[in-house]
Amino acid sequence: MVAWLAPNNMSGHMHVFDARAGDIFRISLKYQDQAHSLSGKTSEDTDTFQGRFVELTERSAEVIVFESQEPRFAGGV
(Lines give C-alpha, C1' and ligand atoms only; values in the text may rest on other atoms or scores of the structure.)
Protein backbone atom coordinates (compact mmCIF):
# COMPACT_ATOMS: atom_id res chain seq x y z
CA MET A 1 0.00 0.00 0.00
CA VAL A 2 2.79 2.44 0.84
CA ALA A 3 4.34 1.98 -2.60
CA TRP A 4 1.16 2.96 -4.47
CA LEU A 5 -0.16 5.57 -2.01
CA ALA A 6 3.04 7.62 -1.70
CA PRO A 7 3.52 10.27 -4.41
CA ASN A 8 6.95 10.50 -6.07
CA ASN A 9 8.04 13.29 -3.71
CA MET A 10 7.25 11.33 -0.52
CA SER A 11 8.46 8.20 1.29
CA GLY A 12 6.15 6.05 3.35
CA HIS A 13 6.06 4.05 6.58
CA MET A 14 3.42 1.46 7.46
CA HIS A 15 2.63 1.56 11.21
CA VAL A 16 -0.29 -0.91 11.27
CA PHE A 17 -1.57 -3.22 8.56
CA ASP A 18 -4.24 -5.89 8.91
CA ALA A 19 -5.60 -6.75 5.46
CA ARG A 20 -9.01 -8.13 6.33
CA ALA A 21 -12.39 -6.55 5.71
CA GLY A 22 -13.25 -4.38 8.71
CA ASP A 23 -9.63 -4.14 9.91
CA ILE A 24 -7.30 -1.15 9.87
CA PHE A 25 -4.08 0.31 8.51
CA ARG A 26 -2.08 3.39 9.55
CA ILE A 27 0.51 5.04 7.30
CA SER A 28 2.81 8.07 7.45
CA LEU A 29 4.00 9.75 4.26
CA LYS A 30 6.99 12.09 4.58
CA TYR A 31 7.99 14.78 2.08
CA GLN A 32 11.49 14.24 0.62
CA ASP A 33 11.84 17.73 -0.88
CA GLN A 34 12.62 20.59 1.49
CA ALA A 35 10.46 22.88 -0.67
CA HIS A 36 7.41 20.98 0.61
CA SER A 37 8.62 20.74 4.22
CA LEU A 38 5.83 23.05 5.44
CA SER A 39 3.13 21.20 3.51
CA GLY A 40 2.47 18.32 5.90
CA LYS A 41 -0.95 17.89 7.43
CA THR A 42 0.16 16.05 10.60
CA SER A 43 3.54 17.75 11.12
CA GLU A 44 5.57 20.14 8.99
CA ASP A 45 6.78 17.38 6.64
CA THR A 46 4.49 14.41 7.32
CA ASP A 47 0.95 13.26 6.54
CA THR A 48 -0.27 10.46 8.81
CA PHE A 49 -3.58 8.76 8.23
CA GLN A 50 -5.45 5.66 9.19
CA GLY A 51 -7.99 3.69 7.32
CA ARG A 52 -10.33 0.76 7.53
CA PHE A 53 -10.80 -1.84 4.84
CA VAL A 54 -14.45 -1.88 3.83
CA GLU A 55 -14.10 -4.52 1.13
CA LEU A 56 -11.29 -6.83 -0.02
CA THR A 57 -12.00 -8.90 -3.10
CA GLU A 58 -10.26 -8.56 -6.45
CA ARG A 59 -10.36 -4.85 -5.57
CA SER A 60 -10.20 -3.03 -2.25
CA ALA A 61 -12.28 -0.23 -0.77
CA GLU A 62 -11.01 1.83 2.15
CA VAL A 63 -12.20 4.65 4.38
CA ILE A 64 -9.32 7.04 5.23
CA VAL A 65 -9.01 9.63 8.03
CA PHE A 66 -6.13 12.13 8.18
CA GLU A 67 -4.58 13.00 11.55
CA SER A 68 -4.17 16.78 11.85
CA GLN A 69 -4.63 19.61 14.34
CA GLU A 70 -5.65 21.79 11.36
CA PRO A 71 -9.46 21.42 10.91
CA ARG A 72 -9.27 21.82 7.13
CA PHE A 73 -7.03 18.74 6.90
CA ALA A 74 -8.43 16.51 9.66
CA GLY A 75 -11.09 13.98 8.98
CA GLY A 76 -12.15 11.45 6.41
CA VAL A 77 -12.05 11.32 2.67
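**Exercise 1. State what share of the chain's contacts between residues at least 6 apart in sequence join residues at least 24 apart, and set this beside the order of the secondary structure elements.**

Solution. In this predicted model, 30% of the contacts between residues at least 6 apart in sequence join residues at least 24 apart. The next step is to list the elements: the chain holds one helix and five strands, and along the sequence they follow the pattern α-β-β-β-β-β. As for burial, 27% of the 77 residues count as buried.

**Exercise 2. Find which residues are joined into one network by salt bridges that share partners.**

Solution. Begin with the search of the whole structure, which finds three salt bridges. One of them links Lys30 and Asp45, whose side chains meet with an N to O distance of 3.6 Å. Salt bridges that share partners join Asp18, Arg20 and Asp23 into one network. Taking its links in turn, the side chains of Asp18 and Arg20 meet at 2.6 Å, N to O, while Arg20 also pairs with Asp23, where the closest N and O atoms are 3.1 Å apart. Both acidic residues are partly exposed, Asp18 with a relative accessible area of 25% and Asp23 with one of 24%.

**Exercise 3. Explain why the salt bridge between Lys30 and Asp45 ties together separate parts of the chain.**

Solution. First place the partners: Lys30 lies in strand β2 (residues 24-31), whereas Asp45 belongs to the loop between β2 and β3 (46-56). The pair therefore ties together parts that are 15 residues apart in sequence. Finally, consider accessibility: Lys30, at 41% relative accessibility, counts as partly exposed.

Terms used:
Residues are numbered from 1 along each chain as its sequence is written. This is a predicted model: local features need pLDDT of at least 70, side-chain atom pairs count only at pLDDT 80 or more; totals for chains, interfaces and linings use all residues. Side-chain values use heavy atoms; hydrogens and water are left out. A salt bridge is a side-chain nitrogen of Lys or Arg within 4 Å of a carboxyl oxygen of Asp or Glu. Buried means under 20% relative accessible area, exposed over 50%, partly exposed in between (1.4 Å probe, protein chains only). Helices (H or I, at least four residues) and strands (E, at least two) are DSSP runs, numbered from the N terminus. Contact means heavy atoms within 4.5 Å.
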